[in-house]
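Me: Please show me the structure, and then let us work through some questions about its helices and strands.

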Amino acid sequence: MPGVTIDKNHCKGCELCVKACPQQVLGMSKQIGVKGYFYAELIDASRCIGCKICAITCPDVAIEVHTHGTSFALFEY
Amino acid sequence: MESKEKIIFTRPESLTDRITHYCPGCTHGVIHRLVAEALDNLGVREKALGVAPVGCSVLAYNYFNCDFLEAPHGRAPALATGFKRLRPDMIVFTYQGDGDLASIGMSEIIHSANRGEKFTTIFVNNAVYGMTGGQMAPTTLEGQITTTCPQGRNVAQTGQPIRMVELLAALVTPAYLERVAVHTPQHIIKAKRAIQKAFKYQMEARCFTLIEVLSTCPTNWGKTPEEAINWLEDDLIPYYPLGCKKDPESLERDDGAV
Amino acid sequence: MAKILMKGNEAIAEAAIKAGATNYFCYPITPQNEVAEYMSKRMPEIDGVFLQGESELAVANMLFGASSTGKRVFTTSSSPGISLMQEAISYMAGAQLPVVIVNIMRGGPGLGGILPAQSDYFQATKGGGHGDYRVLVLAPSTIQEAVDLMMLSFHLADKYRNPVMMIGDGMIGQMMESVEIPEKYTEPELPPKTWAATGARGRDPIIIKSLYLDPNLLEDNCSILEEKYDRMKKEEVRFELYKIAPKNKLLIIAYGTMARICQTAIDELEKEGISAGLFRPISLFPFPEDAIYKEVTKKNISDVLVIEMSTAQMCEDVERAAVGKKPITFFGRTGGIVPSPEEVMEQARKLTDKRKPKPGKKKA
């Protein structure tokens with residue numbers, strides 16, 4: 001099942017990924033990273049389709065996307 | 001059948017693991033990644049040479065895994081010229097902001113382009129001086145408020161914003177000039193293709209290549225990252241139409257927006 | 001190696017080529033255009049890069065990039081052009097990049113004139129750009145010496161990883177004299193340039209920069225530069241003495257072409273029974289302070305006469321070196337006017353007459 005891991009210290013809480021996610025599976029944590037930003041987190045792993053849009057949007061390369069077996073290829077990146 | 005977890009998106013090797021100093025939501029970070037991905041995909045990291053400007057991206061050398069020079073304000077194209085002429089086998093790129101390239105460095109970029117220097121310039125246009133705290137830049141829009149035009153840019157006194165790609169396209173020397181944007185995933189994907197194409201042309205020693213990247217500056221635009229994304233779409237792009245303005249392949253200009 | 005008659009500018013260019021500096025960036029400015037013309041003619045025979053930039057400012061920054069490859073690079077220009085290069089020179093000093101810059105000086109300030117002058121002494125030796133840095137400055141007085149010092153400049157630039165400037169007044173560039181240029185410049189061993197940006201293959205990236213936002217790191221960088229300049233002061237002081245003798249009453253201090261004119265004057269003065277010796281600094285930074293102090297404080301010397309084609313610039317360094325031990329007189333012409341031997345002799349006579357007891361007046 002596809003999913004993302006978010007580096008909570010690289011994330012600066014800009015929320016662009018949360019807005020960009022077509023499945024609306026990302027949200028902002030109540031915790032803060034090393035720089036004091038609320039970091040983004042995966043709130044509904046089951047509905048993640050591994051489309052990488054969040055990672056593409058992220059200005060801080062804080063998001064890594066992984067998948068199992070077949071993965072969605074909406075576009076070539 | 002136990003299927004192995006596969007990583008389908010991760011940090012490119014040409015990008016270091018450092019947390020950048022850029023503001024939250026600033027798309028400099030995206031552009032850095034696109035350049036790093038191009039270096040990785042083309043397998044040229046180990047023979048790449050970046051030239052950092054003076055501006056927000058003055059510290060770019062901390063974020064790339066390749067050799068770097070740090071240029072005086074506006075002079076990156078001259079450093080790149082000097083380096084590339086002596087090492088044509090290396091892949092040389094300058095990474096510059098609009099204050100660096102379109103203001104103090106205008107002479108250097110125009111003459112490098114006109115000589116057809118075989119390096120690649122990544123020109124980040126966010127319509128403001130970022131590092132120094134949000135002053136008016138040559139690319140600041142009419143009426144746009146900055147710390148040095150608090151009543152909004154008065155073009156009667158300061159002239160109109162400069163469209164660099166179109167200006168350089170007027171030169172006769174062949175070049176690949178394209179303006180892209182990085183405010184939405186769709187635009188980022190197109191920007192990646194343009195940046196990679198620019199580096200490819202350099203590998204073929206084809207022509208001078210410059211990609212102008214419209215980028216956000218939430219802090220100095222006084223907007224949230226998301227509002228900045230919208231402002232770029234609604235205000236910047238109409239004045240700075242996206243698209244390829246010059247390509248050695250076709251040589252006829254495509255003025256259509258994306 | 002045969003002696004050939006050569007124009008200064010061209011000899012300087014050939015000397016650079018012999019020192020392996022075949023990468024030349026330039027911008028036209030009188031009185032040194034012949035260097036660029038000569039280099040462009042020689043390019044097909046040598047493996048190098050020749051580029052005429054859009055301004056001296058751009059050229060100096062091209063040198064920063066070119067020098068970062070580890071190859072020998074140089075430029076030549078003249079006074080106003082050198083002013084445009086000052087920012088980049090400061091950056092190259094801060095980033096510890098070797099480069100050779102030749103200034104064939106013309107009258108200033110401003111657009112000034114195109115005739116010979118020495119009015120860029122301060123700019124060269126006191127640092128024309130910003131920050132705590134120095135440039136090693138050499139001043140030839142003959143075309144042969146210009147050739148020798150030009151080759152030496154590349155060695156010293158690499159040895160100290162610092163810009164080196166050779167400055168000569170317009171005559172050094174425009175005069176034709178016979179010179180011997182070696183087939184190849186042989187120089188002492190230098191360490192490999194591991195600092196050069198050659199691509200991060202099998203090593204961490206190399207960053208050639210001068211920005212240190214942390215003041216401690218910037219101060220560290222400045223002390224690294226300071227150590228180099230101290231070492232220059234110990235190892236790179238160069239000067240020449242002419243007819244220095246115990247019977248001298250007068251010590252003349254002059255450099256470059258001006259020193260040659262003084263030699264003629266000294267020879268003539270000798271016939272008039274006036275004994276003068278010449279101290280000719282060759283390295284302007286490091287300035288030969290100790291050697292000057294030694295000459296100035298000799299008992300037989302009653303007067304020091306400093307002669308420049310400027311309005312007294314090196315004179316300040318002479319005064320600093322002499323620490324008031326002897327009276328120092330300055331004589332100079334500027335704007336492109338070159339003092340004649342006769343003018344120099346006139347100054348010398350005035351100083352020696354002053355010393356002679358007036359007939360009939362008893363010394364109290």
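**Strand partners and a bent helix**

In E14(C), Leu250(C) has Asp303(C) as its bridge partner. This is a predicted model, in which local features need pLDDT of at least 70, side-chain atom pairs count only at pLDDT 80 or more, and totals for chains, interfaces and linings use all residues. Residues are numbered from 1 along each chain as its sequence is written, chains are lettered from A and ligands numbered from 1 in the order in which they are written, and side-chain values use heavy atoms, leaving out hydrogens and water.

Me: Which residue in E12(C) stands opposite Leu250(C)?
Reply: Strands (E, at least two residues) and helices (H or I, at least four) are DSSP runs, numbered from the N terminus. E11(C) and E12(C), residues 276-281, run parallel and are joined by four bridges; two strands pair if DSSP finds at least two bridges between them. Opposite Leu250(C) in E12(C) is Ala276(C).

Me: Are Leu250(C) and Ile252(C) buried or exposed?
Reply: Buried means under 20% relative accessible area, exposed over 50%, and partly exposed in between (1.4 Å probe, protein chains only). Both faces of E11(C) are covered, with Leu251(C) and Ile253(C) on the other side from this pair. Leu250(C) and Ile252(C) are buried.

Me: How far apart are the end C-alpha atoms of helix H9 of chain B?
Reply: The expected span is 1.5 Å times one less than the number of residues. H9(B) has 15 residues, 225-239, so the span should be 21 Å. The computed distance agrees: 21 Å.

Me: Where is the kink in H9(B) centred?
Reply: The bend at a residue is the angle between axes fitted to the seven residues ending there and the seven starting there. In H9(B) the kink is about 35°, and its centre is Leu232(B).
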